[in-house]
Structures are given as C-alpha cells and as structure tokens.
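Welcome, and please take a look at the structure below. The notes that follow walk through a few of its features.

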Amino acid sequence: MFTCSSCKLQLSVNSFDADPLNPGQPLYYFCMSCSDKYRIDGVMVNCTVCHRSLPSHYFQHYRTRFKKDGMRLRVNRNCKDCSSKESAIVAQLKRANKAPNYLTKCPLCERIVYEKSEDIPDGINATNGPWQCDHDHNTKKFRGYICKPCNVGVSGDLAAYQRNAPAWNGE
Ligand SMILES: [Zn+2]
Ligand SMILES: [Zn+2]
Ligand SMILES: [Zn+2]
C-alpha cells in the first residue's frame, strides 16, 4: 500500500500512475483521482472541432506528461464529445480497411515500421507502430495507415513521457 500525499488515503499501486521503469511502483506520490482533480488546469478551452468553450476537464490530458507548473499537458483541443465521435469514425474505418503488415514502409516517412519501438535493431533508422489509421478530418475519408511517430508528430524514439512532476517520496 502507498499513501497519497494529497488525499492521504492508503491505496494499492493500481490507484497510482504506474512507473514504466519500476514495475509495481507508483510514478508519482499522488493518486490518479487526485491527479484528475488537481493536476488539470481550471481554465476554459475552445474545442477546435465544435468551437464550444468548455472547462479543461472536457479535454483529454496526458497522465504522465506535465507542464513546468506541474499541471498535466493537454493532448489536443478536441473535447470529449468530439473525441468520442472521432473514435467511432476511426473504429469504422479500421474495420473497413485492414492495417498493413509490419516490416513494410510507412507511406509518410518511408521508414520501415516495426511493431514496437523496442523491436527496432540498433543503428537502424526505422519507425514503429502500432499502425495509426489516418483520415481526413473534414471529409471523414480514409487516408491510409501511418506509423505512430508520424501520427503524433514526434520523431525519434518515444521515451517521450516527461518526469517534470515531483518524484515519489512515500514509503
Ligand atoms: Zn489521492
Ligand atoms: Zn468539441
Ligand atoms: Zn512514418
């Protein structure tokens, strides 16, 4: 059991964000529900899709990526409603269009796509999956499957989570 520094409750490790480098250990000393409550900015955000102004809780935030001020980084400016509509569209497109095999090229960056970043041999300029179903956001039409880094717009390896938040100092 671990004590959340924020709500002071004794909780099992499952109530905390997991530390990918130390299995069975919490990544932070505050629990996930405290993170949801206190680590998301209380600001209004304009959804880029429906253009409503909504509290930031309506938007998805990374669990393990933080801004300098300790607040969680927002994934994008699509509100929950628009995101779930979007995932329904993607699910439909995935059913209609089969993903390519791994070890074939990403049509965008033209690098060979391995299933996971850990599978890429040393010294090889390759990329990794899982394959991301890409579609035109206006027409909702299927565009193709691209690699994960192309989809999230980051290059290189995906050791992308940031440890800006204070480290675990509990028992
Ligand atoms: Zn807590
Ligand atoms: Zn919206
Ligand atoms: Zn790519």
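## A strand pair

This is a predicted model, and a good place to start is strand E9, which spans residues 132–135 and pairs with strand E10, residues 142–146. The two run in the antiparallel sense, joined over 4 bridges.

Within this pair, glutamine 132 sits opposite isoleucine 146 of E10, while aspartate 134 has glycine 144 in E10 as its bridge partner. Between the strands of this hairpin there are 6 residues. You may like to check the backbone at lysine 140, which adopts a positive phi near 65° in the hairpin of E9 and E10.

## The nonpolar core

Which residues make up the largest nonpolar core? It has 7 of them: Cys4, Phe16, Leu27, Tyr28, Phe30, Cys31 and Cys34. In soluble globular proteins, nonpolar side chains tend to be buried together.

Cysteine 34, one of these core residues, touches Cys4, Ser6 and Cys7, leaving aside residues up to four places away in sequence.

## Confidence

The protein has a mean pLDDT of 86, with 89% of its residues at 70 or more. Over residues 154–171, however, the pLDDT is below 50. In the model, that stretch has 28 contacts beyond near neighbours in sequence.

Methods. Residues numbered from 1 in each chain as written. Chains lettered and ligands numbered in written order. Predicted model: local features only at pLDDT ≥ 70, side-chain atom pairs only at ≥ 80, totals over all residues. pLDDT = per-residue confidence, 0-100. Contact = placed C-beta atoms within 7 Å. Pairing = 2+ DSSP bridges. Core = buried A, V, L, I, M, F, W, Y, C linked by C-beta atoms within 7 Å. Buried ≥ 20, exposed ≤ 12 C-beta atoms within 10 Å, placed from the backbone.
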